[in-house]
Amino acid sequence: MIIQYVVYGQDKCNGPKMYGVSKRKTEDRGFEVAVWVCDTNGDPVSDNIEWEDGLSWWSANKLFWQYYFDYDEYVNCIR
């Protein structure tokens, strides 16, 4: 499983975590991409907000980074 965290602020390594985005291979349906709200340690505090399964490798990668950049723009007001 690959997990990337959307953090508050411009320091992408040390800012407080706000959202998690994950991509994982499922046993029978390709790949799954999910987004969830997390605490500052990265632990989930909600069910997945958005998810999609049955994706191809290429589609999963594209959606994974799309979710990451969309939530980063939302959290950090990047325009």
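A residue counts as buried when its relative accessible area is under 20%, and as partly exposed when that value falls between there and 50%. With that cut-off in hand, Y68 in this predicted model comes out as buried, because its relative accessibility is 7%. Its partner F69 sits at 49%, so F69 is partly exposed. The two rings make an aromatic pair of the edge-to-face kind, with 5.3 Å from centre to centre and 75° between the planes.

There are six aromatic pairs in the structure. Another one joins F64 and W65: the ring centres are 5.0 Å apart and the planes stand at 90°, so this pair is edge-to-face. Here F64 is buried, at 2% relative accessibility, while W65 is partly exposed, at 37%. Put together, F64, W65, Y68 and F69 make up one aromatic cluster.

Then there is the sheet. Four strands line up as β1-β2-β3-β4 in an open, antiparallel arrangement. The edges belong to β1 (2-7) and β4 (50-55); each has a single partner strand, so one side of each has no neighbour in the sheet. On average, neighbouring strands are turned by 15° against each other, direction ignored. Between β1 and β2 (residues 17-25), the antiparallel pairing runs over six bridges, and V6 has Y19 in β2 as its bridge partner.

Two lysines also turn up over aromatic rings. K17 lies over the face of Y5, 5.3 Å from the ring centre, and K25 lies over the face of F31, at 5.2 Å from the ring centre.

Technical notes: Residues numbered from 1 in each chain as written. Predicted model: local features only at pLDDT ≥ 70, side-chain atom pairs only at ≥ 80, totals over all residues. Heavy atoms only, no water. Pairing = 2+ DSSP bridges. Helix = DSSP H or I, 4+ residues; strand = E, 2+ residues; numbered from the N terminus. Axes fitted to C-alpha atoms, helices over the stretch in contact; angles between N-to-C directions. Phe/Tyr/Trp six-rings, centres within 6.5 Å; stacked < 30°, edge-to-face > 60°. Buried < 20%, exposed > 50% of the residue type's maximum accessible area, 1.4 Å probe, protein only. Lys NZ or Arg CZ within 6 Å of the ring centre and 35° of its normal.
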